[in-house]
Amino acid sequence: MPIQYYIILSLSLFCIGIVGVLTRRNAIIVFMCVELMLNAVNLLLVAFSKVHYAAAYLVNKATTTGSEAQIFVFFIMVVAAAEVSVGLAIIVMMYRNVHSVDVNFLNRLKN
Amino acid sequence: MNQLAYLVPLLPLIGFLINGLGRKSFSKSVIGWIGCGTVLISFIISLILFFDVKNGGGAVISYFNFIEAGKLVIPFAFQIDQLSALFLLIITGVGFLIHVYSTAYMQEEETQHFGRYFAYLNLFIFSMLLLVMGANYVIMFIGWEGVGLCSYLLIGYWFKNDNYNYAAKKAFIMNRIGDLGFLLAIFWLIAKLGTVSFGEVFAHVSSLSAVDLTAITILLFIGAMGKSAQIPLYTWLPDAMAGPTPVSALIHAATMVTAGIYMIARSNVLYSASEVAQNLVAVIGLATALFAATIAIKQNDIKKVLAYSTVSQLGYMFLGLGVGAYTGAVFHVMTHAFFKALLFLGAGSVIHAMHHEQDIRKMGGLKKYLPITHITFLIGCIAISGIPPFSGFFSKDEILAAAYDKNPVYWGLGVAGAAMTAFYMFRLYATTFLGSFRGTHDQEHHLHESPKAMTWPLLILAILSVVGGFLNVPEVLGGHSSLHAFLAPVLTTEVTHETAHTTEYMLMGISVAVAAIAIIFAIGTFSRKPQLDDAAGFGKVLENKWYVDELYDTVIVKPLGNLSAFFKNVVEKSGIDGAVNGVGKLVNYSSRQLRLLQNGQVGSYILFMVLAIIVIVLIWVNDGYIYRFIVKLF
C-alpha cells in the first residue's frame, strides 16, 4: 500500500483535529480533537517506520531501521496519557466552578 | 637662575588653590597675606630673572611635551628673554601693588567673597604669567584663554547684579571672537610650518608665502583686537568697568589688555615681513586711539573715562607696532601700566571715599579731603598727557616720532589724539578734584582719605609714573635709549628712525605745546563751571559712544537673536520635538490597536497559532524557496 494513503489519512485526521479545536466550544470535544491530532501524528510515524523498515530489509535481514519511530509513538502515548489525566482534572475543576465546560467561559485572563 | 622660572607662575597658582579652597575657613588677613605674598615672591624671582637676563642669561626651558601627535611636538616650555622678563616685572610688580590695594578696597566684602576675589586675582596673575612666559603660541594661548576667563569671573564678581553679569558675558564673547582668530593663526602655522615654537617659526618666516604670512599676521591681529580692545571689538572694555576697581586697574588697564601688544611685539618678525598687516595694525590702532578719545571727552562716569582712555592708549601702542616702533610700544605698555594703574587706583580711592558714587558730576572739590589721592591722581594725569619729564611723554613721543617717520599724517592724527587725551584727563581731574563739592551733605560728612594699604600703592605707582620714562630717554634728549638696547635681541626687526634732531625737537615741542594748551583750557573751563547737564547735539552722540553698542545690537545681536528664536520655536519645537514625540505617539497608537488582539478568547489565540504555523510551513516548503524570495526582497 503506497505511503501516500497513510499521509493523506493522517493529514485529514490532523486537520479535523485542528478545525475541531478551533470551532468547538465544548472543552471535552476540544480535548478529543487534541487527542485526534496526536494520534494522527502517531499514525504517520508508524507508517514511515514501516516503509523505512521494508526498504532496509531488502538489503539486510537483521536490520532494526525504523524502530526509533515506533519508540517515539510510545513516548507520545505516555505523554498523551499524562496530559489526559491533567486535562480532564482541569475540566472537572472547571465544571465544579462554573457549571459549564464551555471554553469561552475561560476568558477571565483578559485584562 | 633659570631653574627658578617655573616658580614664577606656580606660586600664584598655589595661592589661587589655597585661597579658592579655603575661602570659607580663613580670615581676611590670612587670605590677604597669601594673595599678596605669593605675588610678591613671584616679583622677587622675576627681578632675579630680569637681572640674570640683563647679564646675558635667559633661555628656553622645556619641561615636558604638552602635545605629541605624529610629527607635531609642542613642548610645555617657558622662554625667559628680555621681552618676557620685562613683562614679568610689570605683571608681578603692578600686580603686587594692586593686591595690596585690594586688601583695603575689598575689606567690606564678606570673608568668603573676599577669598574668592583673591583666588581669582591670583589665578589671573598665573594665567598672565603663562601667557608671557610661554615659548610657543600654544602655551601663550593657554594663558590667553586663562586671562579671558579670569576677566570674565572678575567683571562678574558681584554676580547678584544682572547688568554686571551681562557685562562679563559681553567681555567673554567679544574675546572669544578674537580668540578664534588667534586659534586659526596657530592652526595655519602648524599646517604650513609644523611648529609653533617662537624660535623655529621666526627662523622659517622666509619659507612662508606672502599670502600665508599676511593671513597669519592678520588672524593673530584679530586675536589682539579682541584682547586689547581695538576697533571693532573694543566695546567690551568700557563695560568691563562693572568689576571692582582694582580689577579694572590690573586687568583692564595695566596687564591683560596689553597681551595683544605683547603678542605682536613677540611676533615682530612676522609682522615686519608683511607690509599689509603692519599697515592694518597701524590704521586700526590710530583709528581706535582717536575714536575712543572722542568718546572719553563726554563720559561722566569716572571709570568710563579711564576705560576709554585705556582703549585710546592701546590704540597708540598698536600704532607704534604698526609703524615698526616695537620698543616704543612695549615702552608705552610699561609706562601706561604705571600711570593707568595709578589713575584707576586713584579713582578707586575716590569711589571708596564717596561710598560707591562714580558720577563725576556729583564730586568736585575733593582736593582738600583726599590730599594723597589728589596729588597722585594729578601725577597720573600729567603723565598720560605727555608732559615732560613724566613717563608718558617719553613713551608716547617715541611712538609719535616713529609714526612721523612712516607717514606725517599718522603723526598729525596722533598729536590730535594726544591733545584730546590731555583734555579729557584734565576735564576729569578738574571736575573731580577742583571747584566745590556737589554731592550730598551726608557724603561730604563721610569723605576721608583712604587707608595706608591703598595710599602706599598710589605713592609707589606715582613715583614710577614720574621716573619710569627715564628708562628709555632718546638720544635727542641726551639719553641712551637703554630699553631699546635691552630689547634689541628680541625685537630684531625694529625700525630705527633717522629723523634729524631739529625735526625731532620740533615734533616734541608741538605735541607738548598742544597738550599743555589742552590742559590749561580744560582746567580753565571745568574747574569753574563743570558740565553738569546732559550733553546736547553732537555732544550727545559722543556721550552715547557714537551709538556703537546700539549699532552692534541692531546689526549683529538682534538678527542672531531672531535666528535663534526661529530655530527654537520652529525647528526645535515642530521639527526635532515633533519627530521625537511622533515616534512615541506612533508606538503608543499602534500598541493600543494591537492590544485589541488580546481578547481573551482561547479559540482566537489558537487560530493565530495555526495561521502562523501555516505561514512558517509555507515559507519552508519547496526548499525554502519563499524564504529565499523574501530575503532577496530586502
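**Two helices of chain B, and a long one of chain A**

Guide: In this predicted model, helix α10 (residues 245-254) of chain B packs with helix α15 (residues 326-353) of chain B at an angle of about 160°, their axes 8 Å apart. Local features need pLDDT of at least 70 and side-chain atom pairs 80 or more, while totals for chains, interfaces and linings use all residues. Residues are numbered from 1 along each chain as its sequence is written, with chains lettered from A and ligands numbered from 1 in the order in which they are written.

Visitor: Why is α10(B) called roughly antiparallel to α15(B)?

Guide: Angles run from 0 to 180 degrees between N-to-C directions, and those over 145 count as roughly antiparallel; the angle is about 160°, so α10(B) is roughly antiparallel to α15(B).

Visitor: What makes up the contact of α10(B) with α15(B)?

Guide: Among the residues that meet, with C-beta atoms, placed from the backbone, within 7 Å, are B:P246 and B:A253 in α10(B) and B:F344 and B:I351 in α15(B). The contact divides into 10 nonpolar, 3 polar and 1 charged (Ala, Val, Leu, Ile, Met, Phe, Trp, Tyr, Cys and Pro count as nonpolar, Asp, Glu, Lys and Arg as charged, the others as polar).

Visitor: How does the reach of helix α2 of chain A stand against the expected span?

Guide: The expected span is 1.5 Å times one less than the number of residues; with 31 residues (27-57), α2(A) reaches 45 Å from its first C-alpha to its last, close to the 45 Å expected.

Visitor: What covers the buried residues of α2(A)?

Guide: The cover includes α1 (3-23) and α3 (67-98) of chain A, and the buried residues (20 or more other C-beta atoms within 10 Å of their own, placed from the backbone) include A:F31 and A:L44.

Key. Helices (H or I, at least four residues) and strands (E, at least two) are DSSP runs, numbered from the N terminus. A residue is buried if 20 or more other C-beta atoms lie within 10 Å of its own, exposed if 12 or fewer, and partly exposed in between; C-beta atoms are placed from the backbone. Two residues are in contact if their C-beta atoms, placed from the backbone, lie within 7 Å. Angles under 35 degrees count as roughly parallel, over 145 as roughly antiparallel, 65 to 115 as roughly perpendicular and the rest as oblique.
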